[in-house]
Structure formats: structure tokens, C-alpha cells
Amino acid sequence: MNYASPSAQFTFDVNQNTTFKKDDRNFINEVSIQQLNTLGNVSLLDVYLDKNNIVEPHIHQNASELVYCITGEVIVSIINPFTLELRNYPNRPGQVTSVPQGWWHYDTAAVDGTHFLAIFDAPIPEVILASDMLRLTPPEVLAYAYCLDPAKVKDTFGPLNQSVLIGPPKGCHQGQPNAHLTHHAHSAQPPYNQGYGLRLNEQSDGNPRRPQVIGNGWAHLYHNGP
């Protein structure tokens with residue numbers, strides 16, 4: 001970058017680049033090297049969520065992420081591919097959570113008016129969304145891979161016809177099915193106690209299940225993209 005060039009950009013209004021908007025209370029602004037060409041190896045998402053709204057499960061295949069809470073409370077849920085545990089980290093103003101590159105995670109607002117930043121060590125954050133993987137994989141493949149009823153799989157994922165990003169989608173008529181998402185991080189008992197999480201490498205009877213991590217885990221599998 002020629003920092004003496006008249007085209008060098010040193011300031012930008014992030015509010016002018018909304019990359020996803022569910023409604024006036026749930027939306028994501030972004031700044032990357034595409035908006036601010038003097039940026040180095042950094043970019044960010046500026047996220048606003050109301051209670052029980054969720055940034056759907058996803059991975060960032062090209063960057064690590066630091067979640068910084070500004071207002072409200074955001075629960076960052078991460079699956080550690082090395083321990084096969086789901087961990088839930090509530091973040092209130094001034095608190096942060098680190099998400100390593102390629103790790104499966106999602107973010108849930110515990111209160112209305114939650115505002116947080118997702119900061120990345122890449123000039124453009126890339127993402128692979130669960131909604132895209134589910135809707136683009138033929139239901140027959142999911143049914144065959146997991147020994148499921150093909151008709152039920154097709155019926156279940158049939159309405160999923162676009163990227164979601166902030167869920168539940170507008171028009172969802174299932175009441176408040178996501179209330180448990182904000183409850184689990186505050187529960188006093190396992191398996192949803194803060195810092196413990198659900199142990200994915202245990203069976204329902206408490207006996208250990210053989211770990212299924214391959215190589216260096218998801219961070220390795222997805223490092224070079226899908």
C-alpha cells in the first residue's frame with residue numbers, strides 16, 4: 001500500500017456497511033480491507049442482537065476471532081475439537097472470548113440491546129455457515145450418512161432455503177424455542193455450567209466415547225477453506 005497515495009483510506013464509518021440485517025434490532029456491520037484499504041491483517045464485525053437471537057453456528061476458515069462485548073451480554077459457545085467439549089462463555093461489557101481459527105462456534109444474546117465486536121486477524125473475514133452446509137447437502141446424503149429417514153430429513157430442512165446468519169429467521173412461529181440458549185451458561189448444574197460445558201466425548205450413560213478428532217481437528221480440516 002502506498003500510504004502517500006491520494007486513494008489511501010484512513011477512516012471509515014462502519015455504520016455505512018451493513019452486511020446482514022434481520023431487522024432494526026438485529027444486524028451486522030463490517031469493515032475490512034475492502035472498505036479501508038490501509039488496514040493490515042485485521043478486520044471486524046460490529047454486531048447488534050436482541051435477546052435469544054443467535055449468530056448461527058459457523059467457522060472462520062481464514063482467521064482467529066476475538067469477541068469483545070460492548071453492551072448487554074453475549075454468550076460465545078465453542079466446540080473444542082481437541083477435547084470434544086462444548087464450552088459456553090458469557091461476555092459482559094469489557095469481557096472477551098478467543099475463538100481459534102476454524103473452530104465451530106455461535107453467539108447468543110442473553111439480553112436485549114446486546115452489542116459486541118468480532119475482531120479478526122485477517123484483512124477480510126471468511127465464513128462457512130451451518131445453514132449453507134445443511135441446505136446445500138442433499139437430504140439423501142445426510143440420511144445415508146447418519147442412518148436417518150430420508151423423508152424426515154427432507155421435511156426438516158426443506159424450509160431452509162437460504163443463508164440464515166442471524167436466527168431464528170423472521171417469521172419463525174415456534175414460540176421461544178431458543179430460550180435455553182441463554183439459560184445454559186447460567187445454570188448452576190452440569191452439563192451447562194460455565195467453564196465446563198457439555199462433554200461431547202461422553203455417552204448419555206457417562207461412559208467415555210472414543211474421540212473422533214482427525215489430524216489437528218477442525219482447525220486443520222478447514223484451514224484451506226471448504
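**A walk through the predicted fold**

The chain exposes about 12,900 Å², of which carbon and sulfur atoms supply 54%. The model is a predicted one, and in it 39% of the 226 residues of the chain count as buried. The secondary structure comprises 5 helices and 13 strands. Among the contacts in the chain with a separation of 6 or more, 72% are accounted for by residues that lie 24 or more positions apart.

A suitable place to begin is the open sheet, in which 6 strands follow one another in the order S1-S2-S3-S10-S5-S8 with antiparallel pairing. Strand S1 (18-23) and S8 stand at the edges and have a single partner strand each, so one side of each is left without a neighbour in the sheet. On average, and with direction ignored, neighbouring strands of this sheet are turned by 15° against each other. At the S8 edge, S5 and S8 are joined in the antiparallel sense over 4 bridges, and here Leu66 stands opposite Ser98 in S8. Strands of a sheet pair through backbone hydrogen bonds, either parallel or antiparallel.

Following the chain out of S8 (96-99), one comes to Pro100, which is found in the loop that leads to strand S9 (105-109). With a relative accessibility of 29%, Pro100 counts as partly exposed, and its C-alpha atom is separated by 9.2 Å from that of Asn80, a residue 20 residues apart from it along the chain.

The largest nonpolar core has 21 residues, and those that touch the most other members are Ile28, Leu45, Val47, Leu49 and Phe116. At least two residues of this core are supplied by each of strand S3 (43-49), strand S5 (65-71), strand S6 (74-80) and strand S10 (114-120). Val47 illustrates the packing: leaving aside neighbours within four places in sequence, Val47 is in contact with Phe27, Ile28, Val55, Thr114, His115 and Phe116. In soluble globular proteins, nonpolar side chains tend to be buried together.

Val55, one of these contacts of Val47, leads on to strand S4. Of the 6 residues of strand S4 (residues 54-59), 5 are buried, so the strand is largely enclosed by the rest of the structure. S4 runs antiparallel to S9, to which 3 bridges join it, and His58 stands opposite His105 in S9. S4 also pairs in the antiparallel sense with strand S11 (residues 128-129) over 2 bridges, where Leu129 is the bridge partner of His58. A further 2 bridges join S4 to strand S12 (residues 166-167), again running antiparallel, with Val55 opposite Ile166.

Charged side chains add another kind of link, and a search of the whole structure finds 5 salt bridges. One of them joins Glu73 and Arg92, whose closest N and O atoms are 3.3 Å apart. Because Glu73 lies in the loop between S5 and S6 and Arg92 in the loop between strand S7 (85-91) and S8, the pair ties together parts that are 19 residues apart in sequence. Glu73 counts as buried at 7% relative accessibility, whereas Arg92, at 46%, counts as partly exposed. Another salt bridge brings together the side chains of Glu85 and Arg87 (2.8 Å, N to O); Glu85 is buried, with a relative accessible area of 6%, while Arg87 is partly exposed at 25%. The side chains of Asp132 and Arg135 also meet in a salt bridge, at 2.9 Å from N to O. Because these two residues are 3 residues apart in helix H1 (residues 130-136), Asp132 and Arg135 are separated by about one helical turn.

Notes. Residues are numbered from 1 along each chain as its sequence is written. This is a predicted model: local features need pLDDT of at least 70, side-chain atom pairs count only at pLDDT 80 or more; totals for chains, interfaces and linings use all residues. Side-chain values use heavy atoms; hydrogens and water are left out. Buried means under 20% relative accessible area, exposed over 50%, partly exposed in between (1.4 Å probe, protein chains only). A nonpolar core is a set of buried Ala, Val, Leu, Ile, Met, Phe, Trp, Tyr and Cys residues joined through side-chain atoms within 4.5 Å. Contact means heavy atoms within 4.5 Å. Two strands pair if DSSP finds at least two bridges between them. Accessible areas come from the Shrake-Rupley method with a 1.4 Å probe; for residues, only the protein chains shown count as cover. Axes are lines fitted to C-alpha atoms, for helices over the stretch in contact, and angles run from 0 to 180 degrees between N-to-C directions. A salt bridge is a side-chain nitrogen of Lys or Arg within 4 Å of a carboxyl oxygen of Asp or Glu.
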